[in-house]
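Open the model in your viewer and set it to cartoon. The stops below say what to select next and what is there.

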Amino acid sequence: MNTNKRLVIIGGGPAGHAAATSAARRGVDVTMVERDIVGGAAHLLDCVPSKTMIATGAAMSFTNQLSGMGLEDRDAEVDVTALTSRIEDIKNRLSNDVSDMLVSQGVKIIKGSARLTGPHTVHVDAHDGSTHTLEADDILICTGTRPRVPDFVVPDGEHILTTRDCYPPRVFPESITVIGSGVTGVEFVHMFASFGAKVTLLVSRQQVLPGKDPEVAAVLEEDFLQRGVRLFKGARAIGIERTATGVKVICDDGRVSETTHAVFAIGSIPNTEGLGLEDVGVVTDGGYIPINRHCQSNIEHIYAAGDVSGKLPLSSVASMQGRKVAEQVVGGPKGPHRHLDYDKAASAIFTEPEIADVGLAEAEAFASGRKIRVTKVPFSTTAKALINNDSRGFVKIISDPATGVVLGGSIVGRHAAELISVIALAVTANLKVTDIGDALLVHPALAEALTDAAE
Ligand SMILES: Cc1cc2nc3c(=O)[nH]c(=O)nc-3n(C[C@H](O)[C@H](O)[C@H](O)COP(=O)(O)OP(=O)(O)OC[C@H]3O[C@@H](n4cnc5c(N)ncnc54)[C@H](O)[C@@H]3O)c2cc1C
């Protein structure tokens, strides 16, 4: 199929490569410009390296729990060189696979920096010194974001860090202050604590993971306290100083956290400067590109997807947006179609225990006065949790009491990120609680808590 359409994609992260592959399959002539690696910051700097380090940290903590499995405990030591090459291998393999697949589908990849020079023209300064002027019917901007740091901080990459300075792990901090208790902050707390660092977490409000189900946050706080993490609740960083041994983080309530390192995990800012957006009239808001449900900016044929769109900053969402862009470029969806519903995106936090949720949260329903039915089953009631020697956590399903339709749910515990898929499918397909309850699942499996919660 040849549509005679030309799509230029700026950025090769999850949004860019999903759009490229999906559009190429539909016969669109696709050129992708990427200034770093195909796979994007997700593979190079954020999602993949952080999850790889967390997996190694989990393996380390597992060696201290062997006695519960009828084995002798062992203290594992981290081999920084081996861990670094493992991160590199995974990253390169993923990036090469994506590149090869795109090239095999006919996508042209240019390594370099791109900017818009007209509503249908993209200029590229390629890394090989060449320049290109690309003509496009449609343009997708998916240039991602980078870590935000407060005005009073100048990260030095040695002791004062952003999340991206933590890989490859040249040294493991003896002690570290993590500033920010959202998803990224708590994952970093978990990661460094697994590697034996003394961690202090600055929690600007009274609960880690602000906005999440308080019951879920409480499980995580308890785990942190048990592992010796110091929680500075209600503390915001207002200053940072270098000391002879590391850093001193000064909080607005007068407390001071002295550690060898500090890492800022307080959100991100969009990569939109220098893209020529103002010159062609693309509207931005705080640097992000507002989009409609088809991922179109204020200019119909200029799309934005992924983190730069200011929607949910998740790889999975970025990929789905990319696929929606491809669909729209060839004239919109064909056949039965669902619009991307950000409220139904599943997300996970890779701490120990893992935390995952989807759809309506209990606290959100109470706040809006919506009637809900909540069923909760602890994993300790399943045989598999005992076999695994890990009974922590629970499954919670939220449904509409009148219709039985599943509205949301949360899971805390081992494999929560995998198990939430069942509730996510139910939420997306408007299934009823009884549909989950009627499924004949495997025994012994943690998923049995799902069918029990659906009883
Ligand atoms: C520490 C951390 C952990 C995370 N873990 C998870 C997780 O477990 N699960 C999850 O779903 N999400 C996770 N995320 C979020 C996830 O990484 C992002 O949602 C995802 O990377 C967004 O994809 P994207 O396509 O928008 O952009 P990116 O992955 O940021 O890619 C954008 C690309 O655009 C390129 N680019 C920028 N400007 C230009 C230009 N002018 N010319 C050419 N190329 C350009 C960049 O080089 C980059 O490669 C995590 C984020 C962080 C910070």
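Start with α1 and α8 in this predicted model. Select residues 14–25 for α1 and 315–329 for α8. Their axes come within 7 Å and cross at roughly 35°, and the crossing is right-handed.

Now show side chains where the two helices meet. On the α1 side, pick Pro 14, Ala 15, Gly 16, Ala 18, Ala 19, Ser 22 and Ala 23. Facing them from α8 are Ser 315, Ala 318, Ser 319, Gln 321, Gly 322, Arg 323, Val 325, Ala 326 and Val 329. Sorted by class, this contact has nine nonpolar, six polar and one charged residues.

Stay on α1 and select Ala 20. Is Ala 20 buried or exposed? Ala 20 is buried, because 31 other C-beta atoms lie within 10 Å of its own and 20 or more is the cut-off. Leaving aside neighbours within four places in sequence, the contacts of Ala 20 are Ile 9, Val 30, Met 32, Leu 102 and Val 107. For a long distance across the model, draw a line from the C-alpha atom of Ala 20 to that of Phe 379: the two are 359 residues apart along the chain and separated by 41 Å.

Next, the sheet beside α1. The helix α1 lies across β1, β2 and β6 (138–141), and runs at about 165° to β2. These strands belong to an open sheet of seven strands with mixed pairing, in the order β5-β4-β3-β2-β1-β6-β17. Select 131–135 and 302–304 to mark the edges: β5 and β17 each have a single partner strand, so one side of each is left without a neighbour in the sheet. From one strand to the next the twist averages 35°.

Inside the sheet, select β1 (residues 6–10) with β2. The two pair in the parallel sense over five bridges. Val 8 stands opposite Thr 31 in β2.

Now bring up the ligand. Which residues come nearest to the ligand? Of the 35 residues around the ligand, the nearest are Gly 11, Gly 13, Gly 40, Gly 144 and Gly 306. Elements that give two or more residues to this shell are α1, β2 (29–34), α2 (40–44), α3 (47–63), β3 (108–118) and α8. The shell around the ligand is made up of 14 nonpolar, 15 polar and six charged residues.

Move on to residues 237–259. Strands β12 (residues 237–242) and β13 (residues 247–251) run antiparallel and are joined by five bridges. A hairpin of four residues connects β12 to β13. Two bridge pairs to label are Glu 241 with Lys 248 and Arg 242 with Val 247.

On its way along the chain, β13 also pairs with β14 (residues 256–259), in the antiparallel sense and over four bridges. Ile 250 has Val 256 in β14 as its bridge partner. In the hairpin of β13 and β14, which has four residues between the strands, select Gly 254: its phi is positive, near 95°.

Then pick Val 249 in β13. Val 249 is buried, with 26 other C-beta atoms within 10 Å. Not counting residues up to four places away in sequence, Val 249 touches Thr 177, Ile 179, Ala 237, Ile 240, Val 256, Ser 257 and Ala 262. The C-alpha atoms of Val 249 and Thr 259 are separated by 8.2 Å, with the two residues 10 apart along the chain.

Finish with some backbone exceptions. Most residues other than glycine have a negative phi, and most peptide bonds are trans.

- Leu 209 has a positive phi near 50°. Leu 209 sits in the loop between β10 (198–203) and α6 (214–226), and is buried with 22 C-beta neighbours inside 10 Å.
- Asn 430 has a positive phi near 55°. Asn 430 is in the loop between α11 (416–428) and α12, and is exposed with 12 other C-beta atoms within 10 Å.
- Glu 352 to Pro 353 is a cis peptide bond, with omega near 5°. Pro 353 is in the loop between β18 (347–349) and β19 (355–359).
- His 443 to Pro 444 is also cis, with omega about -10°. Pro 444 is in the loop between α12 (433–438) and α13 (448–453).

Notes. Residues are numbered from 1 along each chain as its sequence is written. This is a predicted model: local features need pLDDT of at least 70, side-chain atom pairs count only at pLDDT 80 or more; totals for chains, interfaces and linings use all residues. A residue is near a molecule or strand if its C-beta atom, placed from the backbone, lies within 6 Å of it. Ala, Val, Leu, Ile, Met, Phe, Trp, Tyr, Cys and Pro count as nonpolar, Asp, Glu, Lys and Arg as charged, and the others, Gly among them, as polar. Axes are lines fitted to C-alpha atoms, for helices over the stretch in contact, and angles run from 0 to 180 degrees between N-to-C directions. A crossing is left-handed if the near helix is turned anticlockwise from the far one by less than a right angle, and right-handed if clockwise. Two residues are in contact if their C-beta atoms, placed from the backbone, lie within 7 Å. Two strands pair if DSSP finds at least two bridges between them.
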